[in-house]
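Biologist: Please take one residue and look at it closely, then work outwards to the parts around it and to the whole chain. Give the cut-off for each term as you go.

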Amino acid sequence: MKRTILGTSFAALFTAVSAMADTAVLTNYADIAEAKFGDSASTAKVLGAAVEALIADPSEDNLVAARAAWVAARVPYQQTEVYRFGNAIVDDWEGKVNAWPLDEGLIDYVDPSYGVDTDENPLGVANVIANPTLTVNGVDIDATNITPEFLAETLHEADEVEANVATGYHAIEFLLWGQDLNGTNAGAGARPTTDFAANDACTGGNCARRADFLKAATDLLISDLVWMTAQWGDGGAAREAVLENEALGLSSMLTGMGSLSYGETAGERMRLGLMLNDPEEEHDCFSDNTHNSHFYNGLGVQNVYLGSYTRIDGTVISGASLSGLVAAKDGDLDAEMQGKLSATMVALGAIKDAAEGGFSYDMMLEAGNAEGEALIMGGVNGLVDQTKSIERVVGALGLDGIAVEGSDSLDNPNAVFQ
């Protein structure tokens with residue numbers, strides 16, 4: 001009888017300790033999310049100040065500074081994307097800040113080669129900056145005042161078309177760089193500073209409205225990121241959601257890791273563009289910053305598994321991790337998972353290094369460019385391979401099977417060309 005009681009007590013103690021370990025992992029996961037979104041908000045505020053300086057004095061130096069601030073702001077944000085897919089609050093919100101691709105003709109002037117409005121998107125070249133009135137779903141809309149509220153509530157995804165992106169990083173990117181008309185040749189967008197100039201110096205027309213759009217979109221981005229940061233703070237809805245059920249919380253972590261690795265980054269953002277040899281499929285296509293977007297997506301997956309994140313000020317947040325949970329059950333699997341994450345970062349780092357050395361991502365996409373294809377497929381293969389280990393981790397932790405996002409480019413390549 002004593003043995004039975006002791007055995008039962010030990011089992012209960014083991015369960016309690018296991019639950020405490022899970023809670024510690026989830027708490028650290030939420031702490032890192034709060035830090036990542038906080039860094040995203042901080043860098044967006046720096047971008048906001050740079051945008052205000054550009055509007056006040058549209059000089060070449062101020063345009064360069066605003067573009068640099070945008071690129072810097074992408075570093076922490078891209079590392080947050082691993083919180084998508086498994087966290088509904090992030091998925092429901094994400095389209096406001098990182099929707100892509102976009103029909104830039106909705107926002108501003110575009111090259112004639114861009115085309116015209118179509119039945120698929122009646123607002124594809126609406127150019128709201130040039131037109132203070134537009135028609136949405138058959139209703140005339142007053143667009144005289146370009147405010148954050150107008151962008152968020154009226155223009156973004158107007159006519160229920162997802163490509164009508166009026167808010168977030170990529171709308172700002174387009175306004176800072178303009179279209180990249182270089183195809184698979186070197187070069188990013190080349191919007192002139194005079195597109196923000198006053199009076200007779202204005203090029204592109206409607207410079208004051210262009211400045212209004214840029215400021216409204218940047219102000220909205222800041223407020224959206226501040227809001228999401230709070231959701232991961234003490235008592236925030238996102239934090240509470242992952243902590244209320246350990247098994248579901250861990251599944252959310254692994255769902256985000258698997259889906260960002262496989263369907264989103266390896267598939268929709270990398271393999272698809274390579275199959276189509278289309279620079280329009282670049283994630284940061286106006287700025288030629290795509291190599292960084294892929295790299296920091298990969299880093300986001302890695303730092304969730306390891307439970308560690310280096311903030312923009314150099315401080316490190318580190319604590320209980322999925323790696324620790326897996327190592328306690330299967331040390332070989334943990335070593336495998338860590339090894340594959342590291343291999344992926346080496347492959348994504350090779351893309352980053354090549355792009356920063358002058359071999360830009362859109363050049364890698366050129367049909368018949370064997371070097372570019374090898375670089376991109378190195379990243380794709382690493383991301384796909386690490387997803388297989390992520391699925392093994394799910395089993396090792398005794399969690400229900402997770403639903404990893406797919407992509408026709410990986411799962412049914414023939415469908416891409418149909």
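Modeller: Threonine 265 sits in helix α8, which covers residues 246–276. Helices here are DSSP runs of H or I with at least four residues, strands are runs of E with at least two, and both are numbered from the N terminus. The model is predicted, so local features need pLDDT of at least 70 and side-chain atom pairs count only at pLDDT 80 or more, while totals for chains, interfaces and linings use all residues. Residues are numbered from 1 along each chain as its sequence is written, and side-chain values use heavy atoms, with hydrogens and water left out.

Threonine 265 has a relative accessibility of 2%, so it counts as buried. Buried means under 20% relative accessible area, exposed means over 50%, and partly exposed lies in between, with a 1.4 Å probe and protein chains only. A polar atom of the threonine 265 side chain is 2.8 Å from the backbone oxygen of leucine 260. That counts as a polar contact: a pair of N or O atoms within 3.5 Å, where within protein one must be able to donate a hydrogen and the other to accept it, and residues adjacent in sequence count only if both atoms are side-chain atoms. When neighbours within four places in sequence are set aside, threonine 265 is in contact with Leu260, Met270, His294, Asn297 and Leu383. Contact means heavy atoms within 4.5 Å.

Next comes the stretch after α8. Asparagine 289 lies in the loop between α8 and α9, the latter being residues 290–306. Is asparagine 289 buried or exposed? Asparagine 289 is buried, at a relative accessible area of 4%. Its side chain makes two polar contacts with other side chains: one with aspartate 284 at 2.8 Å, and one with asparagine 292 at 2.9 Å. Not counting residues up to four places away in sequence, asparagine 289 touches Trp70, Val71, Arg74 and Asp284. The C-alpha of asparagine 289 is also 8.9 Å from that of alanine 188, although the two residues are 101 apart in sequence.

Helix α9 itself has 17 residues, and 15 of them are buried, which leaves the helix mostly covered. From its first C-alpha to its last, α9 reaches 25 Å, close to the expected 24 Å. The expected span is 1.5 Å times one less than the number of residues. Just after α9, glycine 307 has a positive phi of about 70°.

Helix α13, residues 370–396, can be described in a similar way: its 27 residues reach 39 Å from first C-alpha to last, close to the 39 Å expected. At its N-terminal end, asparagine 369 acts as a cap, with a side-chain oxygen 3.3 Å from the backbone nitrogen of glutamate 371. Glycine 398 follows α13 and has a positive phi, near 70°.

Now for the packing of the interior. A nonpolar core is a set of buried Ala, Val, Leu, Ile, Met, Phe, Trp, Tyr and Cys residues joined through side-chain atoms within 4.5 Å. The largest such core has 87 residues, and within it Leu176, Phe213, Trp232 and Leu254 touch the most other members. Helix α1, residues 2–56, gives the most to this core, with 14 residues. A second, separate core has 21 residues, among them Tyr262, Met270, Tyr296 and Met377. Met270 is also one of the contacts of threonine 265.

Last, the whole chain. The protein chain has 14 helices and four strands. Its radius of gyration is 23 Å, close to the 22 Å that the globule rule gives for 418 residues, so the chain is as compact as a globular protein of that length. The radius is taken over C-alpha atoms, and the rule is 2.2 Å times the number of residues to the power 0.38. Of the 418 residues, 52% count as buried. Among contacts with a separation of 6 or more, 71% join residues 24 or more positions apart. The chain exposes about 17400 Å², and carbon and sulfur atoms supply 52% of that area. Accessible areas come from the Shrake-Rupley method with a 1.4 Å probe, and for residues, only the protein chains shown count as cover.
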